[in-house]
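Dear colleague,

Please find below the structure I promised to hand over, with my notes after it. I would be glad if you read the notes with the model open beside them.

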Amino acid sequence: MPVQIDDAWSYHGLKVIRLENEILALDVLPERGGNIFRLIDKPRDLDLLWKSPRVVPHIAAIHADFDDHWAGGWDDAFPGGRSSRNATGTLLPYMGEVWTQQAGYSIGRPSPDVVSLRTTVTTPVTPATLTRTLTLRAGQPSLSLSYELRNVGYLPFDYNWGIHPCLAVRPTWRFDIPADPGRGR
C-alpha cells in the first residue's frame with residue numbers, strides 16, 4: 001500500500017483527515033485545532049491514543065472546561081496548560097486556545113512516497129499562529145512533526161507551549177528513556 005492522505009472522512013459530524021501507510025494510520029480533526037484523534041498501529045490493529053469513555057469529539061467554546069469536552073487523542077496546549085491571566089490581565093483558558101479553534105489545513109505530496117498535512121490555528125486571545133506539519137512516509141513506523149509559532153501582534157507575549165499526547169498505556173508496554181542529566185547539548 002502506498003502512503004495516502006484523504007480529507008473526505010467525518011466522525012460525529014466533524015471533518016477527519018486520514019494519513020496512512022502500511023504501518024500507521026492517523027486521523028486528524030481540523031475543527032478541534034488539529035487534534036490527532038487516532039494513531040493506529042495497523043499490524044496490531046491498536047489505537048495508541050486514549051479515548052474518553054464518556055465524551056465524543058465535538059466543538060467547544062473558547063473558555064470551556066477542557067476536561068468536560070476532551071474526547072482524547074493528542075493536542076497542543078498553547079499558550080499554556082493552566083487557566084491563568086496574561087500580562088494584560090486577560091484570562092487564558094485551561095489547556096490553551098488551540099483545542100477550541102478551527103485549523104486551516106493544506107495537504108502536500110512532496111514525493112510519491114511522502115504525504116504531509118499542514119495545520120494552522122490562529123489563537124483568538126493571544127496574537128499568534130501555531131502551524132504544525134505532520135509528515136508520513138511509505139513503509140515507515142513513525143511520523144515526523146514540525147512546528148512554527150508566530151507572533152502576529154505588535155507586542156511580545158509569554159507562553160508555555162506543550163504537546164499533549166494521551167497514550168492508551170497497556171500493562172505490556174515498555175518505555176525506554178535514556179539517562180540524561182537534562183542539560184542542553
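Pro79 sits in the loop between β6 (74-77) and β7 (84-85), and the peptide bond that leads into Pro79 from Phe78 is cis, with omega near 10 degrees. Please keep in mind here, and in all that follows, that this is a predicted model.

Two further backbone features belong beside this one. His12, in the loop between β1 and β2, has a phi near 50 degrees, a positive value in a residue other than glycine. Met95, which lies in the loop between β8 (91-92) and β9 (104-111), likewise has a positive phi, in this case near 65 degrees. For context, most residues other than glycine have a negative phi, and most peptide bonds are trans. Met95 is buried, since its relative accessible area is 9% and the cut-off for buried is under 20%.

The loop that holds His12 is part of a hairpin, in which two residues stand between strands β1 and β2. The two strands, β1 covering residues 4-11 and β2 covering residues 14-20, run antiparallel and are joined by six bridges. Within this pairing, Gln4 has Glu20 of β2 as its bridge partner.

Turning to the interior, the largest nonpolar core comprises 17 residues, and those with the most contacts inside it are Leu19, Leu26, Ile36, Leu39, Leu117, Leu134 and Leu136. Two or more residues of this core come from each of β2, β3 (24-29), β4 (35-41), β10 and β11, with β3 giving the largest share, three residues. A second, separate core has seven residues, among them Ala60, Phe66, Met95 and Trp99, so that Met95, described above for its positive phi, is also buried. In soluble globular proteins, nonpolar side chains tend to be buried together.

Which residues does Leu26 contact, beyond its neighbours within four places in sequence? The list is Ile17, Arg18, Leu19, Ile36, Arg38, Leu39, Leu134, Leu136 and Leu143. Leu26 is placed in strand β3, and with a relative accessible area of 1% it is buried. Its C-alpha atom is separated by 9.5 Å from that of Ile5, a residue 21 positions apart from Leu26 along the chain.

Val28 is also found in strand β3 and, at 0% relative accessibility, counts as buried. Not counting residues up to four places away in sequence, Val28 touches Lys15, Val16, Ile17, Leu19, Gly34, Asn35, Ile36, Leu117, Arg132 and Leu134. Of these pairs, I would point you to Val28 and Leu117, which are 89 residues apart in sequence but 9.2 Å apart in space, C-alpha to C-alpha. Seen from the side of Leu117, and again leaving aside neighbours within four places in sequence, the contacts are Ile5, Ile17, Leu19, Val28, Tyr105, Ser106, Ile107, Arg132, Thr133 and Leu134.

Leu167, in the segment after β13 (162-165), is partly exposed, because its relative accessible area of 36% falls between the cut-offs of 20% and 50%. Apart from neighbours within four places in sequence, Leu167 is in contact with Leu48, Leu49, Trp50, Trp173 and Phe175. Leu167 and Gln101, for their part, are 66 residues apart in sequence and 23 Å apart in space, C-alpha to C-alpha.

There remains the empty space in the model. The structure holds one cavity of 30 Å³ or more, and about 40 Å³ of space lies in the largest cavity. Its lining consists of Gly33, Asp76, Val98, Thr119, Val121, Leu130 and Arg132, and the elements that give two or more residues to that lining are β10 (114-122) and β11 (128-137). Sorted by class, the cavity lining has three nonpolar, two polar and two charged residues. Arg132 thus appears both in this lining and among the contacts of Val28.

The largest pocket has a volume of about 400 Å³. It is lined by 20 residues, of which Asn86, Ala87, Leu92, Phe157 and Asp158 lie nearest its centre. By class, the pocket lining has 10 nonpolar, seven polar and three charged residues.

With kind regards

Key:
Residues are numbered from 1 along each chain as its sequence is written. This is a predicted model: local features need pLDDT of at least 70, side-chain atom pairs count only at pLDDT 80 or more; totals for chains, interfaces and linings use all residues. Side-chain values use heavy atoms; hydrogens and water are left out. Two strands pair if DSSP finds at least two bridges between them. Helices (H or I, at least four residues) and strands (E, at least two) are DSSP runs, numbered from the N terminus. On a 1 Å grid over the protein atoms alone, a cavity is a set of points where a 1.4 Å probe fits but cannot get out, and a pocket is an open set with protein on both sides within 12 Å along at least five of seven lines; lining residues have an atom within 4 Å of a point. Grid points are joined across faces, edges and corners, and a volume is the space filled by probe spheres set on the points. Ala, Val, Leu, Ile, Met, Phe, Trp, Tyr, Cys and Pro count as nonpolar, Asp, Glu, Lys and Arg as charged, and the others, Gly among them, as polar. Buried means under 20% relative accessible area, exposed over 50%, partly exposed in between (1.4 Å probe, protein chains only). Contact means heavy atoms within 4.5 Å. A nonpolar core is a set of buried Ala, Val, Leu, Ile, Met, Phe, Trp, Tyr and Cys residues joined through side-chain atoms within 4.5 Å.
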